[in-house]
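Subject: Structure for you to look over

Dear colleague,

I am passing on the structure we spoke of, and I would be glad if you could read the notes beneath it with the model open beside you.

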Amino acid sequence: MQDNTVHQGGCLCGAVRFEAHGMPKRVGACHCRYCQLRSGSAFGVSVYFPEDDVRVLQGELKSYQYQTETGNTTVNQFCTECGSTVLWKVGALPDYTGTAGGSYDPPTFWYELQREVFQRSSADFVHLAVPESHPTIPYYDPQLPEAERLKGG
Ligand SMILES: [Zn+2]
Ligand SMILES: [Zn+2]
């Protein structure tokens with residue numbers, strides 16, 4: 001069945017705008033240190049679509065690439081003007097584009113949170129109502145040493 005829903009969003013300053021077509025394939029809250037550092041907040045919200053379903057409409061994105069302890073590479077894409085990270089690619093989901101859960105135009109939180117991951121490093125004050133909660137991620141298998149500041153529990 002064709003889903004013609006389109007959701008638009010963008011960065012803080014408005015220079016970067018994107019749209020996502022259809023419904024997301026995966027939606028999760030992540031309490032890992034990488035998401036905490038990227039967002040400057042207690043957790044990140046990732047809304048994943050097949051990459052062809054996400055289109056950048058305007059603005060300039062810069063990429064920051066890093067490797068996590070699982071050996072996977074993540075690429076964050078952020079607005080060159082205001083620094084909001086709006087999109088990302090993660091090595092574990094090569095054909096998907098992650099969109100930042102808080103970047104959608106109102107009504108911003110139109111999607112449903114399916115699960116939370118890396119709950120082991122969640123802030124004590126965060127209590128999310130989610131059907132699934134994982135201390136890390138299923139099949140978690142760290143490969144690389146991590147700096148102390150990046151360790152979560
Ligand atoms: Zn911006
Ligand atoms: Zn994370």
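The largest pocket in this predicted model has a volume of about 670 Å³. Of the 30 residues that line this pocket, those closest to its centre are Tyr48, Val90, Ala92, Phe118 and Ile137. Two or more residues of the lining come from each of β3 (26-30), α1, β4, β7, β8 (85-90) and β10, and the element that gives the most is β3, with 5 residues.

Phe118, which is among the residues closest to the centre of that pocket, deserves a second look for its backbone. Its place is in the loop between β10 and β11, and its phi is near 55°, a positive value in a residue other than glycine. With a relative accessibility of 9%, Phe118 counts as buried, because it falls under the 20% that sets the limit for that class. Phe118 also appears in the lining of the largest cavity, together with Cys32, Arg33, Tyr34, Glu69, Arg120, Ser121, Glu146, Leu150, Lys151 and Gly152. That cavity holds about 50 Å³ of space, and the count of cavities of 30 Å³ or more comes to 1.

Cys32, another residue in the lining of the cavity, leads to the metal sites. Its SG atom is one of the protein donors of the zinc ion (ligand 2), the others being the SG atoms of Cys30 and Cys35, and these donors lie 2.1 to 2.3 Å from the ion. Along the chain they follow the spacing C-x1-C-x2-C. Of these cysteines, Cys30 is buried at a relative accessible area of 9%, and Cys32 is likewise buried, at 11%. Please bear in mind that water is not among the atoms, so a site may look incomplete.

For the zinc ion (ligand 1), the protein donors are the SG atoms of Cys11, Cys13, Cys79 and Cys82, at 2.3 to 2.4 Å from the ion. What makes the arrangement around this ion tetrahedral? The 4 donor atoms subtend angles of 107 to 113°, and four donors count as tetrahedral if all angles lie between 85 and 135 degrees. For comparison, the ideal angle for four tetrahedral donors is 109.5 degrees. The spacing of the donors of ligand 1 along the chain is C-x1-C-x65-C-x2-C. Because Cys11 sits in the loop between β1 (6-10) and β2 (17-21) while Cys79 belongs to strand β7 (residues 73-79), the pair ties together parts that are 68 residues apart in sequence. Both of these residues are buried, Cys11 with a relative accessibility of 12% and Cys79 with a relative accessible area of 2%.

Turning to the sheets, 8 strands form an open sheet of mixed pairing, in the order β6-β7-β8-β9-β4-β3-β10-β11. At its edges stand β6 (61-67) and β11 (132-133), each with a single partner strand, so that one side of each is left without a neighbour in the sheet. Strand β10 (residues 115-117) runs parallel to β11 and is joined to it by 2 bridges, and within this part of the sheet Glu116 stands opposite Ser133 in β11.

A further open sheet is made of 3 strands, in the order β1-β2-β5, and its pairing is antiparallel. Here β1 and β5 (54-58) stand at the edges; each has a single partner strand, so one side of each has no neighbour in the sheet. From one strand to the next, the twist averages 25°. The antiparallel pairing of β2 with β5 extends over 4 bridges, and Arg17 has Gln58 in β5 as its bridge partner.

Two details in the loops remain. Phe43, in the loop between α1 (33-39) and β4 (44-50), is partly exposed, with a relative accessible area of 23%; Phe43 and His31 are 12 residues apart in sequence, yet their C-alpha atoms are 4.5 Å apart in space. The other detail is a cis peptide bond between Pro106 and Pro107, with omega about 0°, where Pro107 lies in the loop between β9 (96-100) and β10.

With best wishes

Note on methods. Residues are numbered from 1 along each chain as its sequence is written. Chains are lettered from A and ligands numbered from 1 in the order in which they are written. This is a predicted model: local features need pLDDT of at least 70, side-chain atom pairs count only at pLDDT 80 or more; totals for chains, interfaces and linings use all residues. Side-chain values use heavy atoms; hydrogens and water are left out. Donors are N, O and S atoms within 2.8 Å of the metal (3.2 Å for Na, K and Ca); water is not among the atoms, so sites may look incomplete. Four donors count as tetrahedral if all angles lie between 85 and 135 degrees; four count as square planar and six as octahedral if opposite donors are over 155 degrees apart and all others between 65 and 115; anything else is irregular. Buried means under 20% relative accessible area, exposed over 50%, partly exposed in between (1.4 Å probe, protein chains only). Two strands pair if DSSP finds at least two bridges between them. Axes are lines fitted to C-alpha atoms, for helices over the stretch in contact, and angles run from 0 to 180 degrees between N-to-C directions. On a 1 Å grid over the protein atoms alone, a cavity is a set of points where a 1.4 Å probe fits but cannot get out, and a pocket is an open set with protein on both sides within 12 Å along at least five of seven lines; lining residues have an atom within 4 Å of a point. Grid points are joined across faces, edges and corners, and a volume is the space filled by probe spheres set on the points.
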